[in-house]
Amino acid sequence: MTDIERRKTARIYKKLKIEVGKREKLQNLGSIDLTPMGVRFRTNKKVPLFKQLDFKIDLSLDGKNKEELICQATVIRCEKSQKAKGYHVTLFFHDLKKKDVKRLEDYIIKLRG
């Protein structure tokens with residue numbers, strides 16, 4: 001019998017408009033997935049574990065009404081991409097207020113349709 005991972009939060013796999021670590025000059029080469037707990041994306045350079053980064057995500061659904069979420073996130077994983085250039089970086093949102101977690105959950109649910 002195999003164990004099945006059951007996620008407790010919503011998740012989407014979609015290209016997202018994100019800006020990460022502006023001071024570190026990290027390029028977003030493509031987002032991979034998003035949950036209310038964190039995000040995984042591909043970037044141009046290796047990022048040290050536990051580094052705290054400024055993070056911004058565009059939560060706009062219609063492209064007209066700009067709605068951004070700005071927070072700090074901590075790198076909890078960074079590994080060389082096997083299929084594309086760059087590194088896969090996983091960030092954990094550690095300072096989100098409950099209302100921002102709810103905003104992310106609502107955004108993910110709406111995108112999933």
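The backbone nitrogen of Glu67 lies 2.9 Å from a polar atom in the side chain of Ser60. This contact, like everything below, comes from a predicted model.

Ser60 sits in the loop that links β4 and β5. Is Ser60 buried or exposed? Ser60 counts as buried because its relative accessibility is 16%, and the limit for buried is under 20%. The side chain of Ser60 also makes a polar contact of 2.6 Å with the side chain of Asp58. When neighbours within four places in sequence are left aside, Ser60 is in contact with Asn65, Lys66, Glu67 and Tyr107.

The two strands on either side of this loop belong to a sheet. Six strands make up this open sheet, in the order β1-β4-β5-β6-β3-β2, and their pairing is antiparallel. At the edges are β1 (18-20) and β2 (28-35), each of which pairs on one side only. On average, neighbouring strands of the sheet are turned by 30 degrees against each other, direction ignored. Helix α1, residues 98-112, packs on the sheet and touches β2, β4 (52-58), β5 (68-80) and β6. The direction of α1 makes about 100 degrees with that of β2.

Three of the strand pairs are set out below.

| Strand pair | Bridges | Sense |
|---|---|---|
| β1 and β4 | three bridges | antiparallel |
| β4 and β5 | seven bridges | antiparallel |
| β3 and β6 | six bridges | antiparallel |

Single residues can be placed within these pairs. Val20 has Phe55 in β4 as its bridge partner. Gln52 stands opposite Thr74 in β5, and Val39 stands opposite Leu91 in β6.

Several of these residues return in the nonpolar core. Which residues touch the most other members of the largest nonpolar core? They are Val20, Leu34, Phe55, Ile57, Leu91 and Phe93, out of 25 residues in that core. Two or more core residues come from each of β1, β3, β4, β5, β6 and α1. The most come from β5, which gives five residues.

Phe55 shows how parts of the chain meet. Not counting residues up to four places away in sequence, Phe55 touches Ile18, Glu19 and Val20, as well as Val39. Its other contacts on that count are Leu69, Ile70, Cys71, Ala73, Leu91 and Phe93. Thus Phe55 is the bridge partner of Val20 and also touches Val39 and Leu91, the two residues that stand opposite each other in the pairing of β3 with β6.

Methods:
Residues are numbered from 1 along each chain as its sequence is written. This is a predicted model: local features need pLDDT of at least 70, side-chain atom pairs count only at pLDDT 80 or more; totals for chains, interfaces and linings use all residues. Side-chain values use heavy atoms; hydrogens and water are left out. Two strands pair if DSSP finds at least two bridges between them. Helices (H or I, at least four residues) and strands (E, at least two) are DSSP runs, numbered from the N terminus. Axes are lines fitted to C-alpha atoms, for helices over the stretch in contact, and angles run from 0 to 180 degrees between N-to-C directions. Contact means heavy atoms within 4.5 Å. A nonpolar core is a set of buried Ala, Val, Leu, Ile, Met, Phe, Trp, Tyr and Cys residues joined through side-chain atoms within 4.5 Å. Buried means under 20% relative accessible area, exposed over 50%, partly exposed in between (1.4 Å probe, protein chains only). A polar contact is a pair of N or O atoms within 3.5 Å; within protein, one must be able to donate a hydrogen and the other to accept it, and residues adjacent in sequence count only if both atoms are side-chain atoms.
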